[in-house]
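Please take me through this structure one selection at a time, and say what is there at each stop.

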Amino acid sequence: MDKVLRDRRAIAIFILPALLVFSSVVILPIAFSGYYSLLEWNGAGKSTFIGLSNYLEMFTNPSTYFVKGIVNSALLAGLSVFVQIPLALGLALLISHGIRLEGFFRNVYFIPVIISTTVIGQLWMKIYHPNNGMLNILLTDLGLAALKRNWLADPSISLGAAFFVLIWQYIGYHMLLMYSAIKAIPTSLYEAAEIDGCSKSQLSRHIAIPLIMPMIKVCVTFALIGSLKTFDLIYVLTKGGPIHATEVPTTLMFANIFLNYRYGMGSAMAIFILVECLVLTVFVQRFFKVENYEF
Amino acid sequence: MKRFSKIVALLTVVAMTLTMLGGVALAQEKKTLNVWHLWTTESDANAKSFNIVLKEWQALHPDVDVVIDATENEAYKTKLKTAMAANEVPDVFFAWGGGFAKPFVEAGQVLALDDYLADGTMDRLLGGALDNVTYGGKTYGLTFIQWVGTLYCNKEMFDANGVSIPTTNDELLAAVAAFKAKGIVPITVGAKDGWPAMFFQNVYAVRTAGAQLSNEALSGASSFNAPEFVASAKYLDDLVKAGGFDPGALALTYDEAKMPFLAGQVPMIYQGSWLAGEIQDPTLSQVVDKVVAVNWPSLSDGKGDPNEILGGAIDSLMVSNNASDKELAADFVKYITENMSRESFKLGAGIATWKIDMAGIEVSQLVQNIIDFASKSTGAVLAWDTFLSCEAAERHKSLVQEIFAGQLSPENFALEMSKLQ
Amino acid sequence: MNRTKQNVRKIALYAGLILIALVQLFPLYWLFTFSLKDNMQIFTTNPLGLPNPYRFENFADVLQRGQVASFLLNSLLVTTATIAVSTVLSTMAAYAIARMKWKWSNTALLFFLMGMMIPLHATLVPLFIFLKRTNLYDTPFALILPYVAFAIPMAIYIFVGFFKTIPAEMEEAACLDGMSIYGIFVKIMVPLIRPAIATVAIFTYLSCWNELMFAISFISKPQWKTLTVGIMGMVGMYATNWGALGAGLVVATVPTLIIYLLMSGEIQKSFTTGAIKG
């Protein structure tokens, strides 16, 4: 068996096709971006080599807003890991065992992920609308008119308002991943524990959660990467505004490449995002040094 | 799973075959002209007029296959800049003059049209038509329409509340106070998009500094850090503080913000002349024939002539320096822009930049209002974001948004603007 | 006594679940109602309620644009090809990484994972140049190739996780029966991760179907444009018929719902038949 699994030719046959496509279409372009990041280039015509100046500028010049963007995305990453994933895990545990209409709940909870970000963004713009938005109308009806806000126009709360939508939209995504991992746990394990008189919550804590740790690791990784390079929804909801309150690294990268004609600076931001994600992912892999449970 | 993979395989084969058939049918031996523009929907007057004129041109050139690629405004900018960075622009493309096209021209990607305009074409263009597409003394594009900054006032709401249409800034502030007292938002603005908010500071600068000084400062010949530009920000700041705008305006896009005006809930909006067509379209608007258009109110202490306007000719078609048939592409651009000038004018998109035959053209009263005050104009300033280089333009819009948020003093606005020069 | 307490608990649980379900269904309700309104209702008079009056002509507007069928076909072609190719490539690579024994397997995983960390916008210009040089620009491959490449990382990462949970005895038994490594992969291992394949297929489907930036930039000819691009083409420079745009978005979302329910059924079935049992 061991010999079969060490067959180099088989390994090459399995891995090379994916590697080839991936390297030429993903790695090659980002290598180009790495080169562009060392240039002062307006995206057309001649460029000048300026070394690491772009990297230096994005951290030292406050009018790039890059540091603010990183802080914002780090906040989002924290919320994803400590709020979104626990909620998703809770839902996954709730609907995976002994619930009527299990399939219905699973399908419905996933719906916000299915709907395109454009639609989700437009919907929340209507909900948050200062005058005829559902949220402010609801607050008035409940006699809480004092809590009414210009949710997306007030720089002090727009970040929270935008992140709330992001966290909400992807709960179903993580729920589905963890749900399928819970479903992959052999039922015999549960049956044995039930005979031993374990309650439902004990089953979750002592059997399900440890067994799906590898999937929780996957979710945490996805949530971190997704938060650090979040773009679409922020762009629809706030465009990074009002007055830069909701900028994240990718909105700034986009603005530099396609609005400001600073292709080099935008590329430098892209490279930084990549490195940041890479470092955090390695860290997560170390942190979750979980054994793979053999059933 | 098996059933699923069968479905996938079947769908792939069917779709592949059908699309390939489509591709084969279209391949013919013809000259092709690739054209990129951003007029995606017929609700835009310019889209309508482009399609009319395109049909005429195609009838005259049956041997040419015109491949049109229309992309929505925001995405268009990304797409065109990507093609520019890759040095792969199509034969003919839409671009804004001023700061937008400048890097492309400087990179040598745009064809200078002067040689193709010497055939008498120049004489058919109105003065100033090419100001914003001329770089280093050469012409790189042709415009077709000039837009005009317009204060649209809902006459019915003004009358019902006993307010008169403002001609001076004091009257404007009085109108704001009167509407606000009745719980009506006086002016609607989509400040989230930046440019609609920017218009207000820009047009105040036309009044405080005048067109000449504004244009000098924009081109870098004089500083923005001058009392006139401080005053422009101060007037806007006062208007914001007087409650002229919806306090949630920074969260509203242009599309959202114009709706309460079209619904007859807000009495004023300051926008380009392109809005006139929509106001007069009964399927989109509930204020048809209820709106009057005036120039921005005058100031008692302004240096600018009160007849000057915010606006100009900036939308244009350009030809790639790599175009396969430059002569043909230039001919296309000449024909399309000249005739679009007439058709777009008819539809109320703005003022023609070509000398067109006005006989038999009837426009709505609203459009006539705009023509009337625009024709009295003694000077014009482009929206600053189209004139400035792109990075400065983005920063400029963001600074005006800070005024709307009440977080930037007029003095600091002028100072920050001068840093961009 | 105990029983009533249990019942109260149960009712509370279901009430909670249903409440969440209503919240999650709200976007779908909103999308459908939005598609039947005009601009005035959407923006000022009635942004969230039921349409009044119902404007079915919004759907007529969309369908009259003529090319909807061709756009839909292109989207189907690109998406199904992407799912098929990326599934094959990534199950193979994931198997080699998760089960086979070689020095660089962890590094390879991290290398592939990098694909998820790359901000897409930064690759736009280099990819555009690449596709122009290879003459793939303006063909369906201009989309399929990048979509496959960007789908591979997530797929590999999830498949590796699933492959690792499979007990070694299954491979050993097959190996003793004289099956080759390729046979083990195709006949034993792939069927065991069917739920994962269906899950990943859903995610891949969603990212291709709704993708806009590549689809706008790498396709210029109208005959190859995808549905999302066609629908975004209804957004005008200064004026947009939002109701018709909503109708277009409904047209784009219905296939997604159908495919999601099909795939989801596939996941469910594999659980009930007990694909993975210890």
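**Stop one: a sheet in chain B**

Select strand β8 (residues 150-154) of chain B together with β9(B): four bridges join these antiparallel strands. Strands here are DSSP runs of E with at least two residues, helices are runs of H or I with at least four residues, and both are numbered from the N terminus. Two strands count as paired if DSSP finds at least two bridges between them.

This is a predicted model, in which local features need pLDDT of at least 70, side-chain atom pairs count only at pLDDT 80 or more, and totals for chains, interfaces and linings use all residues. Residues are numbered from 1 along each chain as its sequence is written, while chains are lettered from A and ligands numbered from 1 in the order in which they are written.

Next pick C153(B); M268(B) in β9(B) stands opposite. Then add β10(B) to see the open sheet of three strands, ordered β9-β8-β10 with antiparallel pairing. The edge strands, β9 (268-271) and β10 (291-294) of chain B, each pair on one side only.

**Stop two: chain C**

Now show chain C alone, which has 13 helices and zero strands. Its C-alpha trace spans about 75 × 70 × 30 Å along the principal axes. Colour chain C by burial: 56% of its 278 residues are buried, meaning that 20 or more other C-beta atoms, placed from the backbone, lie within 10 Å of the residue's own (exposed: 12 or fewer; partly exposed: in between).
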